[in-house]
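Subject: Structure handover and notes

Dear colleague,

I am passing on the structure we spoke about, together with some notes on it. Please look at the sequence and the coordinates before you read further.

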Amino acid sequence: MGLLRPAVEDVQARHPDVVMVDAGSGNAYLGFVLYELFLKGAASGTLLSIEGRPDLTERAQGRAQRLGFTRMRFQTAHIDTARYPERIHLLMALHACDTATDDALVAAIRHGADHVAVVPCCQAEVAAQLKEKRPVVASSGSMSLLYAHAWHRREFGSHLTNVIRALTLEAFGYQVTVTELTGWEHSLKNELILGRRVHRENRRARVQLERLLAETGVNPKLTRELGVKPAVSAVEPDSSPEPEAPVASEPVEASDVSGA
């Protein structure tokens, strides 16, 4: 709540009928705490919790009724198929697994969210792409050594995923801060990406993003959904064979896409 406070206070000051969305809300604990601290005493404003599991939605709905949180709304839907308000002022997604975080970011960008706060989890898609795809733009040939082993591919893929997410937000006009949500002793999934919309777009960040996609050979769901394509380089790819990667120490590749 301390990390979200500046965003909440900003949108409440500028939008009396503020609309907040908790995407992939689970038991909606984040939404309940936020409502108690910021919306309960306010004259207006709503908080929409979106969750794909109907039992969790029903349980949270009953809890909201008992607490008298009348401006909490609940919707049973997956993040990518949910019915969103036309205008969102703050969108949050806490530990939405793999591409579900991408779905939340797409919703935030398409609905012009003033602020975005996501804590990604179980980033598996890019790791799989690193295993199967080659970069569009030729490099020195050493890049692939960073993810030759399955363990490194998972970790590098997770990091690359979040770099792409932050850069995508910048490309679409957000000022981005990446920080630690909590200590490692509490959760290994503790990277918080905060975005505040300050421009319509950022061409420099867009070019950097397109180059990064080309150089790494990946194109995650986030960039595909938003129509961002890898840069096309005028440089001819190096025809020399890529250095042979070291033999992975793992007997199987299951850890490539395993969740935490």
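What follows is an account of one strand and its neighbours, then a pocket, and then a few individual residues.

Please keep in mind throughout that this is a predicted model, and that every value below was computed from it.

I begin with strand 1, which covers residues 19-23 and is largely enclosed by the rest of the structure, because 5 of its 5 residues are buried. Val19, Val21 and Ala23 point one way from the strand, while Met20 and Asp22 point the other way, and the residues on both sides are all buried. In one direction, strand 1 pairs with strand 2 (residues 46-51) in the parallel sense over 5 bridges, and within that pairing the bridge partner of valine 19 is threonine 46. Between these two strands the chain passes through helix 2 (residues 29-39), and the resulting β-α-β crossover is right-handed.Strand 1 also pairs with strand 4 (residues 90-97), again in the parallel sense, here over 3 bridges. In this pairing valine 21 stands opposite leucine 91 of strand 4.

The loop that joins strand 1 to helix 2 contains alanine 28, a residue that deserves a look in the backbone angles. Its phi is positive, at about 65 degrees, although alanine 28 is not a glycine. With a relative accessible area of 0%, alanine 28 is also buried.

A second residue with a positive phi is aspartate 98, where the angle is near 50 degrees and the residue is again other than glycine. Aspartate 98 sits in the loop between strand 4 and helix 4. At 22% relative accessibility it counts as partly exposed, because the cut-off for buried is under 20% and that for exposed is over 50%.

Next comes the second largest pocket, which has a volume of about 350 Å³. Its lining is made up of 21 residues, and those that lie nearest its centre are Gly24, Ser25, Gly26, Glu51 and Arg53. Helix 2, strand 4 and helix 4 (99-110) each supply at least two residues of this lining, with the largest share, 4 residues, coming from strand 4. By residue class, the lining of this pocket divides into 9 nonpolar, 7 polar and 5 charged residues.

Two charged residues in helices complete these notes, and for each of them the question is what its side chain reaches. Arginine 153 lies in helix 6 (residues 150-171) and counts as buried, at 5% relative accessibility. The side chain of arginine 153 reaches the backbone oxygen of alanine 148 at 3.3 Å. Glutamate 125, for its part, lies in helix 5 (residues 125-132). Its relative accessible area is 17%, so glutamate 125 is buried, and its side chain is joined to that of arginine 224 by a polar contact of 2.9 Å.

If you go through the model yourself, strand 1 may be a convenient place to start, since its pairings with strand 2 and strand 4 are both described above.

With best wishes

Methods:
Residues numbered from 1 in each chain as written. Predicted model: local features only at pLDDT ≥ 70, side-chain atom pairs only at ≥ 80, totals over all residues. Heavy atoms only, no water. Buried < 20%, exposed > 50% of the residue type's maximum accessible area, 1.4 Å probe, protein only. Pairing = 2+ DSSP bridges. Right-handed = clockwise from strand over helix to strand, strands pointing away. 1 Å grid on protein atoms, 1.4 Å probe; cavity = no way out; pocket = protein on both sides within 12 Å on 5 of 7 lines; lining within 4 Å. Points joined across faces, edges and corners; volume = space filled by probe spheres on them. Nonpolar A, V, L, I, M, F, W, Y, C, P; charged D, E, K, R; others polar. Polar contact = N/O pair within 3.5 Å; in protein donor to acceptor, adjacent residues only side chain to side chain.
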